[in-house]
Structure formats: C-alpha cells, structure tokens
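Some terms used for protein models only make sense once a value is set beside its definition. Here is a structure to read in that way.

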Amino acid sequence: MGATKIKVLIADDHPLFRAGVMSLLNQQRDIQIVGEVDNGKAAVQKARELSPDVVLIDITMPQLDGFEATTQIVRGPSKARVLVLTQHEHEEYIKRIMHAGARGYILKSAVAEELIKGIRAVFNGEQFFTPEVSRIMVESFVRQTSGKAPQQSAIVLTNREREVLQGIAEGKTNQQIGSQLHISVRTVEFHRANISAKIGAHDTASLVKFAIQKGIIKLNPEQ
Amino acid sequence: MRIPAPISVLVADDDDSLRATIASALNTEPDIVVVGEASNGAEAVEKSRSLGPDIVIMDISMSRLDGIAATGQIVESKLGPKVVIVTHLDDDQYIHRCMEAGASGYVLKNVIATELAKSIRVVHKGGHFFSPRIAQRIVKFYLDQVLPVESW
C-alpha cells in the first residue's frame with residue numbers, strides 16, 4: 001500500500017462496538033481512523049469537517065438514522081463513500097440505504113477480515129457486500145424473476161442502454177445523447193450497437209418501436 | 001435409524017462424455033442417484049415426465065429443444081423436478097433467461113467438480129444455488145433495478 005492511508009469515520013451509537021471496530025482498524029497499516037461519532041447528525045457534520053474517504057455507518061442511530069445521514073453525506077460536499085455496518089438483515093434496509101447512495105453493506109455478524117476488505121473495496125470505488133447480504137439480494141431477484149416469463153422477454157437492457165435508447169426514441173442525435181449523459185459519441189455508438197444487437201433491430205424505427213412497447217418512452221396522449 | 005431416500009437426478013447434456021462424467025461423479029455421492037440421462041432438451045422434458053426425478057441437471061446449448069426452453073416446459077408444467085443449469089455460458093442474457101424460465105440453480109461447468117453436488121442438495125431443500133461468479137451478476141441485476149438511474 002502507498003503512503004496515503006484510507007481515512008475512516010465511524011458512526012455507531014454503541015460505544016463498546018465502536019471501540020472494538022477502532023482497535024481492529026488501528027491494526028491496519030493502510031487505514032487511519034479520523035473520527036468517531038454516536039449519531040447520524042454528527043456523522044453528517046464530521047463527514048464535512050474531516051473529509052474522510054470512507055464513513056462506516058450504522059442504520060439505527062439517534063437524532064438522524066443511517067438512511068438520512070447517508071443521503072446527506074452523499075449529496076453533501078464530502079467525497080466520502082458510505083459503507084454500512086449493521087445488524088439488520090432485512091432486504092428493505094439494504095434496498096433503502098443502497099438507494100440513498102451507500103456503496104456497500106456489511107453485517108455485524110461478519111468476520112473482521114470482511115470489514116477490512118469492505119473498506120478497501122469501497123475506497124477503490126467498488127461495491128462491497130458480505131456473502132449473507134449478497135444472498136438476500138440474489139434471493140429477492142430470483143423471487144421476482146423466477147418463472148415470470150418463460151422463454152420470452154429475453155431482452156435485458158442495462159440502465160445506461162435504456163437511457164441511450166430513450167434519447168434515440170426522442171429523436172436525439174448521438175452527439176446530443178452523448179452530451180446529455182456525459183459520455184463520448186463513440187460510447188453512444190457502442191451502446192446503440194449493443195441495443196440493436198440485443199433487440200435484433202437494424203434501423204431507428206424498430207428501436208423506437210421497442211422503446212414504446214417497453215414503456216421506455218411514452219407517446220404524448222395529445223398527439 | 002431411517003436412511004432418507006437419495007436425491008434422484010436426471011442429467012441432460014448433449015456431450016456424451018461429459019454427461020457420463022457428471023453421472024458417474026454424482027453416483028459416488030451417497031445421497032444422490034442418477035436415474036436417467038438425456039442428450040437433448042426434448043428428451044429431458046420427456047424423461048422428467050416418465051422418470052419423475054427430483055432434480056434435472058440441464059445444459060443450455062442442446063439440439064431439438066434448448067435447455068432454457070426445456071426448463072420452461074418442465075417448470076411450467078409442474079412435472080415436479082427442479083432444474084439446475086450447468087453450462088459454460090456466463091452471459092447476462094443467459095442467466096436472466098434461465099431464471100425467468102424458472103431454473104433454481106446455475107452452475108458453471110468449470111466448477112462442477114466442487115459445486116454440482118452441493119447445488120443439488122441446496123436446490124432439493126428448496127433453496128437456490130448459483131456459482132459465485134453468477135451470484136455476483138445477479139447482485140448487479142438487483143442493484144440495477146434498485147438504484148436510481150443517474151441523470152435520468
């Protein structure tokens with residue numbers, strides 16, 4: 001590891017747990033704890049003042065819960081990435097806090113190495129989940145998907161492809177789509193080719209038709 | 001003490017030697033017994049009906065009926081068996097389509113030695129099993145769905 005350490009802020013309302021996490025992290029040469037707080041409000045404030053790289057955050061905390069604190073940290077001036085460390089195993093919690101902008105989710109029952117791995121991963125811009133959390137997400141996706149559309153609707157577009165397709169359907173040029181999505185024209189072309197291949201469409205009209213069928217764009221009822 | 005009945009398995013793969021290898025490997029497991037083999041999707045559907053296995057090990061690229069369509073038919077017709085896809089294909093499209101068809105597991109061929117028997121046990125108990133690489137992809141699908149689209 002290089003000379004710069006990963007600066008971590010810890011937000012958890014249990015002093016003993018916090019102490020345990022701190023002593024664990026203090027043993028890591030590439031991690032430096034820059035602060036600890038016991039509520040969500042303080043987490044938001046310290047994230048601004050101390051500019052940590054990673055905020056380790058609990059969900060159930062006084063004053064401001066982890067969901068709201070995450071939202072404020074992510075939207076705020078701090079570049080910190082939020083990593084959730086909690087005992088909550090509910091899918092709703094995972095969904096809500098990921099939606100709020102968290103980069104990873106670790107259960108308190110996980111082993112210590114997982115936490116350290118998670119901090120490094122999130123610092124490097126990756127997402128991180130402990131196996132139990134992945135399992136919850138996989139099971140949920142399987143429940144939603146399983147047997148829902150046998151042998152049909154085989155076309156799965158990524159979010160980005162959907163955005164590009166929306167642009168195409170709205171009659172925008174590749175250049176306009178590119179500047180709207182902050183990507184190069186070449187990237188737009190690349191996505192466009194992939195979409196065409198997935199849909200099996202060879203002209204713009206078929207792409208637009210698909211976008212309408214899938215509800216990616218809506219026709220103005222007045223028209 | 002009662003010994004529980006072994007888990008009965010049908011192996012569907014159009015590669016004869018791989019099918020034989022899978023079958024003989026599974027037969028060395030004390031709690032698993034291979035009750036039949038199929039070399040294409042149509043045969044897999046037929047034998048699911050006639051042999052009534054607990055689990056079908058299903059390849060994707062097969063003649064007559066591909067493994068995804070065969071999975072759809074088996075799951076939809078409620079013939080009974082659960083399907084574990086065994087393939088070297090790890091493309092998002094295939095994973096998604098297999099799940100939509102109702103597969104309960106997805107195991108990559110390069111890890112069948114360590115994961116196949118495990119997947120059969122998990123699926124037989126009513127769970128789902130995915131090779132780690134596949135599970136990662138599914139997590140991505142999930143998050144794609146859950147996360148807000150930037151600059152929408």
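The questions and answers below concern this predicted model.

Q: What makes S1(B) and S2(B) a pair of strands?
A: Strands pair if DSSP finds at least two bridges between them. Strand S1 (residues 7-12) of chain B and strand S2 (residues 32-38) of chain B are joined in the parallel sense over six bridges, one of which has B:Val33 of S2(B) as the partner of B:Ser8. Six bridges satisfy a requirement of at least two, and therefore the two strands count as paired.

Q: How do you know that S1(B) also pairs with S3(B)?
A: The reasoning is alike, since four bridges join S1(B) to strand S3 (residues 55-58) of chain B, and these strands run parallel. In S3(B), B:Val56 stands opposite B:Leu10. Four bridges satisfy the requirement of at least two, so this too is a pair.

Q: Why is S1(B) called mostly covered?
A: A residue is buried if 20 or more other C-beta atoms lie within 10 Å of its own. Five of the six residues of S1(B) are buried, and therefore the strand is described as mostly covered.

Q: What makes B:Ile55 a contact of B:Val84?
A: Contact requires C-beta atoms within 7 Å. Leaving aside neighbours within four places in sequence, B:Val84 has contacts that include B:Ile55, B:Val107 and B:Phe129, so the C-beta atoms of B:Ile55 and B:Val84 lie within 7 Å. In the largest nonpolar core, of 88 residues, A:Val55 and B:Val84 touch the most other members.

How values were computed: Residues are numbered from 1 along each chain as its sequence is written. Chains are lettered from A and ligands numbered from 1 in the order in which they are written. This is a predicted model: local features need pLDDT of at least 70, side-chain atom pairs count only at pLDDT 80 or more; totals for chains, interfaces and linings use all residues. A nonpolar core is a set of buried Ala, Val, Leu, Ile, Met, Phe, Trp, Tyr and Cys residues joined through C-beta atoms within 7 Å. A residue is buried if 20 or more other C-beta atoms lie within 10 Å of its own, exposed if 12 or fewer, and partly exposed in between; C-beta atoms are placed from the backbone. Two residues are in contact if their C-beta atoms, placed from the backbone, lie within 7 Å.
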